[in-house]
Amino acid sequence: MRAHRTMSVSLDLQRQTAHQRFLAEGHDLVFGDAADCPLPPVRLAQLTPTSPEVLRSCEEGLTARVYCVEGARGRYAVKQARESCLVQNPDGQTSFINELCRHREIREQRRLEPDRFPGVVAPLYGSLREGLIVSPWIDGERVDDWTERRLLQVFETGRALLEHGFFEWDYSPGNVLDDGQQVWLFDFGYQYRFDPLTQFNSAGHGDDQPMFHLAERLETRNLFAWLLKLEGAGQMPLALARFRLTKEIAVETYQHLRATLAARGAKPHVLDWLSGIVAEWQQALRGDLGVLYLREGWRSHVLDLDDDLRGRTCTPSTLARCDWLLAALQAEGETLQRVGAFFGEDRDLTRAQRRQRYEALRREAERYQISP
Ligand SMILES: Nc1ncnc2c1ncn2[C@@H]1O[C@H](COP(=O)(O)OP(=O)(O)OP(=O)(O)O)[C@@H](O)[C@H]1O
Ligand SMILES: [Mg+2]
């Protein structure tokens, strides 16, 4: 059993290989009805920022260009795949086909239960060959303040996805919109399947990387960058208060998730893992929340820096994260060590080696700055 596992191929590699084979074989992958589009798909595929039908264009996406197009029944988001994704790794290169697969699966599940995924956009049409996904336009803004409603909604959506076997990795600010009533997710380029009854997530073999989960993804890709801004603006008390609120909502979400999965026969290792995380948060909420903030901050900034460096998609905010990490090592190195915050390569390094490592990573992040 063990020998078989060490030999077996990771879920990532299985997925990438399947996508690449599908692309090489030249199949199309389509969902929805072209008649629901605001214009015929061939025209949508040719839109440019100056086309008369285009009300607005979002060019900052790394996988695609998104145009806002007025149709007879309202506004639509027309996502056109780039010929080559700007994220230079296998997940980036297969993110468009991956996104089409997820939308198609979610669409299937919605047929059984229309309200299954609150806060998940419902595209009308998608085609691999035409490089198109057409969705209702979300008249919203990026979240610049994580209030209680917004946190509750994004956790609810994340939980619904997990319960049905969808693990969303990228909750970054450009992938979350709030229309004033509802927080929406719409970009599923990095959303992968997993089995919530036997697996933690879609990393490794699904059951060997417990550090990745919903709250971790939200904190890593989104919340800690925002908390970092609050810290920078001298608003540490507000940052801690919102961190507390996040953890309170996360505790409720994970208790709900655990109960649902338990009722469906989830394996003990999954249920124990969720209980363990909740117990740790509850203890911090009753005791020293500042230490949990430091630990989750360390993890978030390290992982997000790693994502940016792997995808070669660094920005000024990547540099701010590096500076936070270097400052934390300087001021809180002992505490980080005591609470076991160091993971991966960092665990076995000396203080001086860690400082050198993050100074070197900062220089790398300076080299890989992208102009959006
Ligand atoms: N349905 C929608 N309604 C309104 N705006 C949208 C919609 N879909 C996408 N957008 C806008 O277009 C931008 C890019 O979209 P999206 O994140 O799907 O593209 P991407 O290229 O996959 O991005 P990434 O950089 O994450 O790979 C979003 O940040 C958002 O501002
Ligand atoms: Mg995006």
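## Buried salt bridges

A residue is called buried when its relative accessible area is under 20%. In this predicted model, R321 has a relative accessibility of 2% and therefore counts as buried. D304, at 5%, is buried because its value falls under the same cut-off of 20%. The side chains of these two residues form a salt bridge, with 2.9 Å between N and O. R321 belongs to helix α11 (residues 316–338) and D304 to helix α10 (residues 289–311), so the contact ties together parts that are 17 residues apart in sequence.

R321 and D304 are members of a network in which salt bridges with shared partners join D170, E216, R217, R221, D304, D307, D308 and R321. The structure has 34 salt bridges in total.

## R221 and its two partners

R221 lies in helix α7 (residues 214–232) and forms a salt bridge with D170 at 3.2 Å, N to O. D170 sits in the loop between β8 and β9, so this pair ties together parts of the chain that are 51 residues apart in sequence. Both R221 and D170 are buried.

R221 also forms a salt bridge with D307, where the closest N and O atoms are 3.5 Å apart. This pair links helix α7 to helix α10, across 86 residues. How accessible are the two ends, D307 and R221? D307 is partly exposed, with a relative accessible area of 29%, whereas R221 is buried at 14%.

## Magnesium site

The magnesium ion (ligand 2) has N175 (OD1) and D187 (OD) as its protein donors, at 2.0 to 2.1 Å. N175 is in the loop between β8 and β9 (176–178), and D187 is in the loop between β10 (183–185) and β11 (191–193); twelve residues separate them. N175 has a relative accessible area of 9% and is buried. D187 is also buried, at 15% relative accessibility.

The loop between β8 and β9 thus appears in two settings: N175 in this loop is a donor to the magnesium ion, and D170 in this loop is a salt-bridge partner of R221.

## Cavities

Two cavities of 30 Å³ or more are present. The largest holds about 90 Å³ of space. Its lining consists of 14 residues, of which L162, F200, L257, W273 and L274 are the closest to the centre. Helices α8 (236–263) and α9 (268–286) are the elements that give two or more residues to this lining. By residue class, the lining of the largest cavity has twelve nonpolar and two polar residues, and no charged ones.

The second largest cavity holds about 30 Å³. Which residues line the second largest cavity? They are G158, L161, L162, F166, F167, E168, Y171 and L214. Helix α6 (148–163) and strand β8 (166–168) each supply at least two of the lining residues. Six residues of this lining are nonpolar, one is polar and one is charged. L162 is named for both cavities, being among the residues closest to the centre of the largest and in the lining of the second largest.

## A β hairpin

Strands β2 (residues 54–58) and β3 (residues 64–71) pair in the antiparallel sense, over four bridges. They form a hairpin, with five residues between the two strands. Within this pairing, V54 has V69 of β3 as its bridge partner. In a regular strand, side chains point alternately to one face of the sheet and the other.

Notes. Residues numbered from 1 in each chain as written. Chains lettered and ligands numbered in written order. Predicted model: local features only at pLDDT ≥ 70, side-chain atom pairs only at ≥ 80, totals over all residues. Heavy atoms only, no water. Pairing = 2+ DSSP bridges. 1 Å grid on protein atoms, 1.4 Å probe; cavity = no way out; pocket = protein on both sides within 12 Å on 5 of 7 lines; lining within 4 Å. Points joined across faces, edges and corners; volume = space filled by probe spheres on them. Nonpolar A, V, L, I, M, F, W, Y, C, P; charged D, E, K, R; others polar. Donors = N, O, S within 2.8 Å, 3.2 Å for Na, K, Ca; no water. Buried < 20%, exposed > 50% of the residue type's maximum accessible area, 1.4 Å probe, protein only. Salt bridge = Lys/Arg side-chain N within 4 Å of Asp/Glu carboxyl O.
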